[in-house]
Protein chains: 2
Amino acid sequence: MTQMTIGRLSKAAGVKVTTIRYYESIDLMGEPDRSSSGQRLYGDEAVQRLSFIRHARDLGFPMEAVREMIDLQTQPDQDCTAVDAIAREQLADVRKRLTQLEALEAELKRMITCCEGGRVDTCRIISTLNDHSECIADAHERLSTF
Amino acid sequence: MTQMTIGRLSKAAGVKVTTIRYYESIDLMGEPDRSSSGQRLYGDEAVQRLSFIRHARDLGFPMEAVREMIDLQTQPDQDCTAVDAIAREQLADVRKRLTQLEALEAELKRMITCCEGGRVDTCRIISTLNDHSECIADAHERLSTF
DNA sequence: CTTGCCTCTATAGTCGCTGTAGACTGTAGG
DNA sequence: CCTACAGTCTACAGCGACTATAGAGGCAAG
Ligand SMILES: [Zn+2]
Ligand SMILES: [Zn+2]
Ligand SMILES: [Zn+2]
Ligand SMILES: [Zn+2]
C-alpha cells in the first residue's frame with residue numbers, strides 16, 4: 001500500500017497539481033494523509049476519484065451534479081435513480097445547447113452567403129448584425145455558457 | 001435630436017445599465033455626452049451600437065472579434081473581406097463545438113441506456129464515469145467554454 | 001417638500017480554475 | 001558533506017464577462 005505525492009497523483013490522473021488542491025479546498029476531495037513534513041499523500045482511490053471528476057466535467061456535468069454523484073457513491077447500496085436523473089438532466093441540457101448551436105450555425109451560414117464582397121458599409125454581415133429583426137424570429141437567444 | 005439617459009438606452013437596446021457602463025469601461029462604447037449634473041446622455045446611434053454588440057455576442061462571437069468588427073465599421077469604404085474572415089472563423093468554431101456536443105450526446109445516451117436501474121454500486125453510469133477507458137476513444141475532449 | 005425612482009462612482013463577487021511569490025523539502029551527483 | 005534542482009507548501013491575485021452592492025446625489029410628480 002504505497003502512497004503517492006501530489007505530483008505523482010497529478011500525472012496518474014491527468015489533473016494539474018493546483019487543480020487537485022483546488023478540489024480539496026472546495027471539498028470535492030477529502031483531506032489526504034500528510035507526511036511528517038506536511039506533504040500530501042494519496043492512495044489509489046484518489047486517482048479513481050479524480051478520474052471520475054474529470055470525466056464528468058468533460059461531459060459537461062455542472063460542479064454541483066458532480067458533487068451530488070460523489071455523495072451518492074458513498075451510499076453504494078442505494079437505488080441509482082438519483083444518478084440516472086442527474087444524467088438525464090445533463091443529456092437534456094446538451095440537447096438544448098445542440099439546438100441552439102444549430103440555429104447559430106444556420107444564421108452564420110446565411111450571413112456569410114449573403115455577403116458577396118464589396119465595401120464594409122454595404123456588407124450583409126454587418127447589416128445583419130446591426131439589425132436582428134431581419135433574423136429568423138427567435139432563431140437564437142442569448143447563449144448559455146458551457 | 002433628443003438624447004436619452006442610460007436607463008432609457010438600456011430598455012431600448014435590451015442591455016442592462018451596468019453592462020452598458022461596463023462596455024464603456026472596456027472601450028467598446030465611446031464616452032457619451034453628459035448632462036450638467038454628470039448623467040450620461042446617448043443618441044440613437046448608441047442603440048444601434050449596443051444591438052450590434054448584443055447580436056454578435058449572442059451569436060457567440062468572441063469579444064475580440066466584436067471589437068474588430070466595430071473598428072472595421074469606422075472605415076465603411078474598405079473592403080469587407082476582413083469581416084467575412086471573422087464570420088467564417090466563428091462559423092468554424094460553432095461547427096467544432098457542434099461536433100463536440102454531438103459526441104457528448106452520444107456518450108450520455110449510451111450511459112443512460114446502459115443503466116438498467118439497481119444499486120448505486122453496480123450502476124453503469126457511475127462505472128462509466130469512473131473509467132473513461134471504456135469510452136469510445138477520444139469521443140470527447142475537455143470542453144471548450146462557450 | 002417628500003416620495004420614490006434614477007443615476008453616479010467605486011468596489012467586490014461570480015465560476016472554475018490557473019499562476020504567482022516566497023519558503024521549505026526531498027533527492028541525486030560530485 | 002555540499003550543491004543543484006525539482007517538488008511541495010500556503011496564501012493570494014488574476015482571468016472573462018459581466019453582476020451586485022454600497023453610499024451618495026439627481027429629477028419629476030404629487
Ligand atoms: Zn461583406
Ligand atoms: Zn440574429
Ligand atoms: Zn444506474
Ligand atoms: Zn468518456
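Which residues come nearest to DNA strand C? In this predicted model, 17 residues lie around DNA strand C, and Thr19(A), Ser37(A), Gly7(B), Arg21(B) and Arg40(B) come nearest. The list draws on chain A and chain B. What the protein meets here is mainly backbone: sugar and phosphate account for 88% of the atoms of DNA strand C that come within 4 Å of the protein.

Several polar contacts from chain A reach phosphate oxygens of DNA strand C. A polar side-chain atom of Thr19(A) lies 2.5 Å from one such oxygen, and an N or O atom in the side chain of Ser37(A) is 2.7 Å from a phosphate oxygen of this strand. For Arg54(A), the distance from a side-chain N or O atom to a phosphate oxygen is 3.3 Å. In terms of secondary structure, two or more residues each of the surface near DNA strand C come from helix 2 (17-25) and helix 3 (44-58) of chain A and from helix 1 (6-13) of chain B. Helix 2 of chain A gives the most, with 4 residues. By residue class, the surface near DNA strand C divides into 4 nonpolar, 8 polar and 5 charged residues.

DNA strand D can be described in the same terms. It is surrounded by 16 residues, the closest being Thr5(A), Gly7(A), Arg21(A), Arg40(A) and Thr19(B). Of the atoms of DNA strand D within 4 Å of the protein, sugar and phosphate make up 88%. Arg21(A) places a side-chain N or O atom 2.4 Å from a phosphate oxygen of DNA strand D. Arg40(A) uses its backbone instead, with a polar backbone atom 2.7 Å from a phosphate oxygen. From chain B, a polar side-chain atom of Arg57(B) lies 3.2 Å from a phosphate oxygen of this strand.

The elements that each supply at least two residues of the surface near DNA strand D are helix 1 (6-13) of chain A, and helix 2 (17-25) and helix 3 (44-58) of chain B. Helix 2 of chain B provides the largest share, 3 residues. This surface is made up of 4 nonpolar, 6 polar and 6 charged residues.

The two chains also share a metal site. The zinc ion (ligand 3) is coordinated at 2.2 Å by the SG atoms of Cys80(A), Cys115(B) and Cys123(B). The pair Cys80(A) and Cys115(B) crosses between chains. Cys80(A) sits in the loop between helix 4 (63-73) and helix 5 (81-114) of chain A, while Cys115(B) sits in the loop between helix 5 (81-114) and helix 6 (124-130) of chain B. Both Cys80(A) and Cys115(B) are buried.

Notes. Residues are numbered from 1 along each chain as its sequence is written. Chains are lettered from A and ligands numbered from 1 in the order in which they are written. This is a predicted model: local features need pLDDT of at least 70, side-chain atom pairs count only at pLDDT 80 or more; totals for chains, interfaces and linings use all residues. Side-chain values use heavy atoms; hydrogens and water are left out. Donors are N, O and S atoms within 2.8 Å of the metal (3.2 Å for Na, K and Ca); water is not among the atoms, so sites may look incomplete. Buried means under 20% relative accessible area, exposed over 50%, partly exposed in between (1.4 Å probe, protein chains only). A residue is near a molecule or strand if one of its heavy atoms lies within 4 Å of it. A polar contact is a pair of N or O atoms within 3.5 Å; within protein, one must be able to donate a hydrogen and the other to accept it, and residues adjacent in sequence count only if both atoms are side-chain atoms. Ala, Val, Leu, Ile, Met, Phe, Trp, Tyr, Cys and Pro count as nonpolar, Asp, Glu, Lys and Arg as charged, and the others, Gly among them, as polar.
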